[in-house]
Amino acid sequence: MPTQTDHPLTPREAFRCTGEQLDAIVQFAEERGLENQSLQFVVAEWSRSRSEPG
């Protein structure tokens with residue numbers, strides 16, 4: 001029986017995002033110096049920045 005460790009999810013599969021979204025998230029991390037943060041943290045910050053007015 002396969003387990004998650006046998007076939008780990010790619011970031012796109014884990015977060016159910018498109019290639020375009022993942023590119024935007026990676027660019028967001030690079031622009032803000034967040035490359036060493038967890039992907040979950042970066043996605044949360046990216047999502048938060050998109051919901052801020054202005």
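This is a short selection tour of a predicted model, moving from the whole chain to single side chains.

**Whole chain**

Start with the chain in cartoon view. It holds three helices and zero strands, and from the N terminus on the elements run α-α-α. Switch on the surface next: the accessible surface of the chain comes to about 4500 Å², and carbon and sulfur atoms account for 49% of this area. Of the 54 residues in the chain, 17% are buried.

**Helix 2 against helix 3**

Select 19–31 for helix 2 and 39–51 for helix 3. The two helices pack with their axes 10 Å apart, at an angle of about 95°. Because angles of 65 to 115 degrees count as roughly perpendicular, helix 2 and helix 3 are roughly perpendicular to each other. To see the contact, show the side chains of Q21, A24, I25, F28 and A29 on helix 2, and those of L39, V42, V43, E45, W46 and S49 on helix 3.

**The nonpolar core**

Which residues form the largest nonpolar core? Select I25, F28, A29, L34, V42, V43 and W46, seven residues in total. Helix 2 and helix 3 are the elements that give two or more residues to this core. In soluble globular proteins, nonpolar side chains tend to be buried together.

Now pick single members of the core. V43 lies in helix 3. V43 counts as buried because its relative accessibility is 14%, and the cut-off for buried is under 20%. Draw a distance from the C-alpha atom of V43 to that of F28: the separation is 9.2 Å, for two residues 15 places apart along the chain.

Move on to L34. Leaving out residues up to four places away in sequence, L34 touches F28, A29, F41 and V42. Among these, F28, A29 and V42 also belong to the core just selected.

**Salt bridges**

How many salt bridges does the model contain? The count comes to two.

For one of them, select E31 and R32, whose side chains meet at 3.3 Å, N to O. E31 counts as exposed, at 53% relative accessibility, since the cut-off for exposed is over 50%. R32, at 47%, counts as partly exposed.

For the other, select R48 and E45, where the N to O distance of the salt bridge is 2.5 Å. R48 and E45 are three residues apart in helix 3, so about one helical turn separates them. R48 is partly exposed, with a relative accessible area of 44%. E45 is also partly exposed, at 23% relative accessibility. Keep E45 selected while returning to the helix pair: E45 is among the helix 3 residues that make the contact with helix 2, and its side chain meets that of R48 in the salt bridge.

How values were computed. Residues numbered from 1 in each chain as written. Predicted model: local features only at pLDDT ≥ 70, side-chain atom pairs only at ≥ 80, totals over all residues. Heavy atoms only, no water. Core = buried A, V, L, I, M, F, W, Y, C linked by side-chain atoms within 4.5 Å. Buried < 20%, exposed > 50% of the residue type's maximum accessible area, 1.4 Å probe, protein only. Helix = DSSP H or I, 4+ residues; strand = E, 2+ residues; numbered from the N terminus. Contact = heavy atoms within 4.5 Å. Areas by Shrake-Rupley, 256 points an atom, 1.4 Å probe, with all protein chains shown as cover. Salt bridge = Lys/Arg side-chain N within 4 Å of Asp/Glu carboxyl O. Axes fitted to C-alpha atoms, helices over the stretch in contact; angles between N-to-C directions. Parallel < 35°, antiparallel > 145°, perpendicular 65-115°, else oblique.
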